[in-house]
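Biologist: I should like to learn how to read a structure that is new to me. May we proceed feature by feature?

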Amino acid sequence: TAETSTALTVPKTELHIHIEGALEPELTFACAERNGVTLPYAGVEELRGRYEFSDLQSFLDLYYTGMNVLHRAEDFTALADSYLTRAAAQGVRHAEIFFDPQAHTTRGVTLETVLDGLEASLSTSEERFGISTALIACFLRDRGSAEASRMLDELLEHRQRIIGIGLDSAELGHPPGDFAEVFSRARRAGLRLVAHAGEEGPADYVWQALDVLGVDRIDHGVRAVDDPELVKRLARDRVPLTVCPLSNVRLRGVDELGQHPLPRLVEAGVVTTINSDDPSYFGGYVGDNLRAIERELGFGEDALREFARNSVAAAFLGAERRERLL
Ligand code: ADE
Ligand code: ZN
């Protein structure tokens, strides 16, 4: 039953969650009201009804529009609290949380406002929710490397407030290799590195993320199945993939969950982890993703526990917290 399902009860670590993608329609409307933003939807149900996507871009359009209601630090605090509440209910114990600085600074919300707001929630996440947290700042790849480089300068003024950097937004036509200089500077600053690659883009983008950027983990990476040599490389070097099954279905990367490449990756020995990506938009938090693959892909209790262990191993954690999560 749902109550005893390992998918729900196993302690979880989440490594691929965009905080702006945890914006639930109720909070969208609450923020709009207090910030005097008029939304082009009659209400929560109409907005939720728009969550029908044909590809990554059709989602990103709604995602960037949705976050326009976030103005003040308190809005970001409420957003993080909302995520933590739902994540705690699904057994999450540690979360490495993405945010998109440029999606806010380009509309006049300062990096400091975003960080202050998120931290007002996350700095006490462990005491309040039993969830340790860390922030990863993602560059919007479709805005180019020059803007990413300037954003990195700004982020480095807040170096202690983030553990790493990532690369997200519209993938096709924006290969990881374009960001070589930005990632190498971030590495020299001691930041951990991740990048979305092989979500909609080709296996070659995964190679670039590995060989040009030198990332610690690949976000998504599912298109790696198109390239047997790449699958071997990922398995050999134990490069973790942060797979987001419900996201891949909703963005039409796979026709249905039953066709998902996850079993092939697991079979080939690739270290895979299960994550929610944008839980408000894709129909579920991380426990829902685990339950879905349990049902549709036939992963049993041992496999679900292995995904959870992989996530702990792939997390950017100190030895002490890692031990307590295992
Ligand atoms: N930003 C938020 N969710 C994303 C996704 N699934 N792919 C790329 N960029 C994103
Ligand atoms: Zn993502």
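The dialogue below goes from the whole chain to its strands, its ligand and two of its loop residues.

Biologist: What kind of model is this, and how many helices and strands does the chain have?

Modeller: This is a predicted model. The chain has 18 helices and 8 strands.

Biologist: How does one judge the overall form of the chain, and what radius of gyration does it have?

Modeller: One sets the radius of gyration beside the value expected for a compact globule with that number of residues. For 326 residues the expected value is near 20 Å, and the chain has 18 Å, so the two agree. The C-alpha trace spans about 50 × 50 × 40 Å along its principal axes.

Biologist: What share of the residues is buried, and what share of the contacts joins residues at least 24 apart?

Modeller: Of the 326 residues, 50% count as buried. Contacts may be sorted by their separation along the sequence: among those between residues at least 6 apart, 76% join residues at least 24 apart.

Biologist: Let us turn to the strands. In which sense do β2 and β3 pair?

Modeller: Strand β2, residues 92-99, pairs with β3 in the parallel sense over 6 bridges. Within this pairing, phenylalanine 99 stands opposite alanine 137 of β3. Strand β3 itself covers residues 132-140, and 8 of its 9 residues are buried.

Biologist: Which residue of β4 is the bridge partner of alanine 137?

Modeller: The partner in β4 is isoleucine 165. Strand β4, residues 164-168, pairs with β3 in the parallel sense over 5 bridges. Another bridge of β4 sets aspartate 168 against leucine 140.

Biologist: How should I read the side chains of β4: are they buried or exposed?

Modeller: One asks which way each residue points from the strand, and then whether it is covered. From β4, Gly164, Gly166 and Asp168 point one way, while Ile165 and Leu167 point the other way, and all are buried. This accords with the count for the strand, in which 5 of 5 residues are buried.

Biologist: What connects β3 to β4, and what follows β4?

Modeller: Here one follows the path of the chain from strand to strand and notes its hand. Strand β3, helix α9 (residues 145-156) and β4 make a right-handed β-α-β unit. Strand β4 is joined by 2 bridges to β5, residues 192-197, and these two strands run parallel. From β4 the chain crosses through helix α10, residues 180-188, to β5, and this β-α-β crossover is right-handed. In β5, leucine 193 is the bridge partner of isoleucine 165.

Biologist: Which residues surround ligand 1?

Modeller: One lists the shell and then sorts it by class. The shell consists of His18, Gly21, Leu56, Tyr63, Asp168, Ser169, His196, Glu199, Ser247, Asp277 and Asp278. By class it has 2 nonpolar, 5 polar and 4 charged residues. Asp168, which belongs to this shell, is one of the buried residues of β4.

Biologist: Finally, what is the phi of arginine 238, and what is that of arginine 252?

Modeller: For phi one notes the sign and the residue type. Arginine 238 has a phi near 50 degrees, a positive value in a residue other than glycine. Arginine 238 lies in the loop between α12 and β7, and counts as exposed because it has 12 C-beta neighbours inside 10 Å. Arginine 252, also not a glycine, has a positive phi of about 65 degrees. The loop that holds arginine 252 runs between α13 and α14. With 14 other C-beta atoms within 10 Å, arginine 252 is partly exposed.

Terms used: Residues are numbered from 1 along each chain as its sequence is written. Chains are lettered from A and ligands numbered from 1 in the order in which they are written. This is a predicted model: local features need pLDDT of at least 70, side-chain atom pairs count only at pLDDT 80 or more; totals for chains, interfaces and linings use all residues. A residue is near a molecule or strand if its C-beta atom, placed from the backbone, lies within 6 Å of it. Ala, Val, Leu, Ile, Met, Phe, Trp, Tyr, Cys and Pro count as nonpolar, Asp, Glu, Lys and Arg as charged, and the others, Gly among them, as polar. Helices (H or I, at least four residues) and strands (E, at least two) are DSSP runs, numbered from the N terminus. The radius of gyration is taken over C-alpha atoms; the globule rule is 2.2 Å times the number of residues to the power 0.38. A residue is buried if 20 or more other C-beta atoms lie within 10 Å of its own, exposed if 12 or fewer, and partly exposed in between; C-beta atoms are placed from the backbone. Two residues are in contact if their C-beta atoms, placed from the backbone, lie within 7 Å. Two strands pair if DSSP finds at least two bridges between them. A crossover is right-handed if, with the strands pointing away from the viewer, the path from the first strand over the helix to the second runs clockwise.
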